[in-house]
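Colleague: I'm new to reading models like this one. Could you walk me through a few features, starting with a single residue?

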Amino acid sequence: MWQGIETGLVTAFSISNLAVVVVGCFAGTVIGMLPGLGPISAIALMIPISYGLDPAAAMILMAGVYYGAIFGGSTSSILINAPGVAGTVATTFDGYPLARRGQAGKALAIAAYASFSGGTLAALLLLLAAPALARVSLSFQSADYFALMLFGLVAVCAFAGRGQVVKSLLMTVFGLMLATVGTDPTAGVPRFTFGQLDLIDGISFLLLAMASFAVSEALMTVLNNEDSARQAAKAAAAGAGSLALSKKEVAEIAPAVGRSSVLGFFVGVLPGAGGTIASFLAWGMERGLARGAARAAFGKGSLRGLAAPETANNAASTGSFVPLLTLGIPGSGTTAVMLGALLSFGIQPGPRLYIEEPAVFWSVIISMYVGNIVLLILNLPLIPYIARLLAVRKEILVPLILFFSLIGVYLVSFNVFDLWLMVLVGVAAIGLRLLGLPLAPMILGFILGDIMEDNLRRALIISNGSPAFLWARPSTLFIIVATALVALFPLFNRRAQAGEGG
Amino acid sequence: MARCRRGQCAAALLLAWLLALGGVAVAAAAVVKPARIHFIIPGGAGGGWDRTARTAGDVLVKGGLLQSASFENLSGGGGGKAIGYLIKTAERQHATLLVNSVPILVRSISGIFPFSHRDLTPVAAIIGDYGAIAVRPDSSLQSIEQLIAAFKRDPLQLRIGGGSVRGDLDHIVAAMAIRALGGDLQQLVYVPYDSGGKAVVGLLTGEIQALSTGFGEALEQMRAGQLRILAVTAPQRPPQLPAVPALSEYGSGAEFANWRGFFGPPGLPAELADHYAALLQEMQALPAWEEARERNGWVNFYRPRAQFADFLAAQEAVISALRRDLGFR
Amino acid sequence: MGSRDRIGGLIMLAFSLAYGLMALALDSSAGLAAGGFSPRTLPLILAASGALLALLLILRPPPGTAEAPPALQLRHLNWRPALLLCAVMLVYAAIFPYLGFILSTVIFLSAAMVVLGIRSPRLLLLAVLPVTLLLWLVLSRLLGIYLAPGELLLLLAAQ
């Protein structure tokens, strides 16, 4: 194994390969900043280019592009509340408020460091446990996935803060309803499509995210006639050291980073779960673990709230390489494209790869990690300039944000119907915000809705219609019990607080 | 140049810009001759349709059979958006080909599409993938006969999964297999997954006991030691695995190919359609195509024009009948 | 105007009921049901849950404090530019298939900026054209993405 790692390191750090990584990271960041051209498209676009390179270099190029695109997605999430990648939705919760307070530079820096730490810790875990993990990948069945998704949804609502639990649950249900629009995942029947062929595939995540986050935010700033973000950005640009983190701040986020890495990695190891679920779970977990003022800060610009999902997201990406390389099973759209790429290089992922060709296995892993490192080195110096983007006049920035959101969605589907739908959803989102209804549970419900229903129905088919699948396997039972405990949390909380007051 | 008021100069400049841009756009859209083909892909970048069309286009250009090729991704409506678009703009799409596969049949049968393959001009099918039934390598079922015996004993314990929704491709192949082997397909417990890959995971975790998937994918997984193939829906045994029986050895008509091919717009003149079909045939003889085919694990399956149309009609009948027997409308 | 919670709850209640009614119209024939679940099972469960939660929101007393939940404030909002922007976006969606990417985007961005208060044609040109052209170059040349020229232009070309 160590020889394999050594070969991997030597390959990865050759001059030409380093150059390739740099190019890849740069290209990836630029592509990723344009919402809609996420990692999947970026990597797919790179595949023809990579045919001319040798496999190691090609994998490194794709690694650079992939991590660059995720960072670009985090950037647009933080700066303009436009999460182009599902894994960066949770980043907007605390990243965007930080940017509005004039701390965009710090937020972007935290995102970069957190991502890097997540990737590093996950790579260590991978090193230690790769073979054993292959078995973990295969231990989850449909019933377990359903339970895990349910847990995620309940966790985000349970810790929502006083008076907000009912609203969060309501919006979660709303998100689940939106997820049912389209074709039924099990029987292939159209639902709630109003006879429109354009809705057969459902509402795309990108459309919902862009319209309800970016478009509604841009319109809200117009409605509220405020320019506070710009004033704050100007002040920050004039001020000094926007990237620096004080020792106290580092100490504050370090434990969150540690926990989120582990959580993210193991969630990533499960095929089909990925960065998105990991980021939401991490955010929910950190909020649940925080106390008092720290907990109240979540959603308003908490440093921990930003670090947790960013770490988990990246750790999950590393984790998702376990099923990809040891079993040849892609856990997400991105890894599916990478699998195609690996196959076209003649690398056959599977249990035999790890045993018979450890050099190849480790080269791939290390190449991916090198991309992670280079991204940090490349992008940190760029952050102050990127943060300055917010200083552009509102009259120019808002139209540009609207344009990027609209065109970003269009570039995925090339369907003008989506543009109409975006305006509708954007206006509806403004309505929801004015009514004080939280959008985060809605988008989580939407993302998880499909997967939940899919797994639930499969579990029922397998158990022949009986609900026994909820407790038939120990893993399922464990998660269900955890969900129930978390669900009861608000009641305990209220009682404890009432007790204190009374 | 005479001095003009600030607003006027700017307005004139703006107008000049817009006209220039308009001119560029018009030139770019100039009439396309048959030496160039525009491919419409009903799905996103990187998907199966996308790879097929782009590979075909690239090989045709590199092999000198075409001057240039352009590609347009037009996803949406489960692939129906592109079909609808081609039908609507048919008059100016005489140098356009649409790539598609079995879903065009299933979705028009199930009523999701308001149109069918008869609303387009079939040019040629070029590649195909037969269906395969597979189990885990450590399964107690070593042959297809043992599988059907186990099925007849207790259908609830022999769950077959696949990467399509109920009533679609993998379900149909599984049903076809069960019927050919003499089982009652009403008893079939089919477990749907999002994709072939997820279905393989389901097999490995033990959720399902058998898998219905494409032979290309099954072969790859078999080489990685993940599963054992028990039968295929090909007309004869696969050359790579002569020990694996073809289902047609057990029941006549148990053949099914998941083809991928190209269609032209309705009203495409026959000479043009024949020309494209001939181009595609020549393409398959090129070494660049052979290399791409090998790399992607595709199998050549050439059916031009009238043969293609007949093949589609026959497959449509088979799919309809099976779906009715399974309880779908 | 009533409290935010009441109005929000009422709207969500109406939505849940409408959603539930549409779910009842869904097909639940034998071939589609499996494992006791048909395509309409989950939607019906969601409609019931949504209605229940919405009722809770409407009827619930305020969380422990003496104040009423905040009322819905609409008057102080800057409606005109926001609504005009929505209109501009709708126009963009309408002209896009006919005028193609470049022309439509130029019109959209210019109109949006004018709505927000920019009057100087020079500033408009400077802000709009470079972005549009740069993006068009990157998308169509560098990334090879096909951006259809626009029906009107194709019609002109065919003459």
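Modeller: Sure, and keep in mind that this is a predicted model. Let's start with B:Ala177: leaving out residues up to four places away in sequence, B:Ala177 touches B:Ile133, B:Ala231, B:Leu247 and B:Ala254.

Colleague: Which residues touch the most other members of the largest nonpolar core?

Modeller: B:Ala177 is one of them, together with A:Met210 and A:Met422, in a core of 300 residues. The top contributor to this core is helix H5 of chain A, residues 89-137, which gives 22 residues.

Colleague: OK, now domains. How is chain B divided?

Modeller: Chain B has domain 1 (36-128 + 257-326) and domain 2 (130-249). Their C-alpha centres lie 27 Å apart. Where the two touch, domain 1 of chain B puts in 13 residues and domain 2 of chain B puts in 12.

Colleague: Which element gives the largest share of the domain 1 side?

Modeller: That's H11(B), with 5 residues. Strand S9 (257-264) and helix H11 (305-326) of chain B are the elements giving two or more residues to that side. By class, the domain 1 side has 7 nonpolar, 4 polar and 2 charged residues.

Colleague: What about contacts between chains? How many residues do chain A and chain C each bring to their contact?

Modeller: Chain A brings 47 residues and chain C brings 51. On the chain A side, helices H7 (165-180), H8 (205-223), H18 (394-413), H19 (416-434) and H20 (440-462) each supply at least two residues. That side counts 32 nonpolar, 8 polar and 7 charged residues.

Colleague: Phi angles puzzle me. What sign do most residues have?

Modeller: Apart from glycine, most residues have a negative phi. Here, A:Phe192 isn't a glycine, yet its phi is positive, about 55°. You'll find A:Phe192 in the loop between strand S2 (190-191) and H8 of chain A. B:Arg305, also not a glycine, has a positive phi of about 40°, and B:Arg305 sits in helix H11 of chain B.

Colleague: Why do A:Phe192 and B:Arg305 count as partly exposed?

Modeller: Being buried takes 20 or more other C-beta atoms within 10 Å, and being exposed takes 12 or fewer. A:Phe192 has 19 such neighbours, so it counts as partly exposed. B:Arg305 has 17, so it is partly exposed too.

Colleague: Last one: what ipTM and pTM does the predictor give the complex?

Modeller: The ipTM is 0.87 and the pTM is 0.81. For chain C, the mean pLDDT is 81, with 82% of its residues reaching 70 or more. Where pLDDT is low, don't read the predicted coordinates in detail.

How values were computed: Residues are numbered from 1 along each chain as its sequence is written. Chains are lettered from A and ligands numbered from 1 in the order in which they are written. This is a predicted model: local features need pLDDT of at least 70, side-chain atom pairs count only at pLDDT 80 or more; totals for chains, interfaces and linings use all residues. Two residues are in contact if their C-beta atoms, placed from the backbone, lie within 7 Å. Helices (H or I, at least four residues) and strands (E, at least two) are DSSP runs, numbered from the N terminus. Ala, Val, Leu, Ile, Met, Phe, Trp, Tyr, Cys and Pro count as nonpolar, Asp, Glu, Lys and Arg as charged, and the others, Gly among them, as polar. pLDDT is the predictor's confidence in each residue, from 0 to 100. Domain bounds come from an automatic or database domain assignment. A nonpolar core is a set of buried Ala, Val, Leu, Ile, Met, Phe, Trp, Tyr and Cys residues joined through C-beta atoms within 7 Å.
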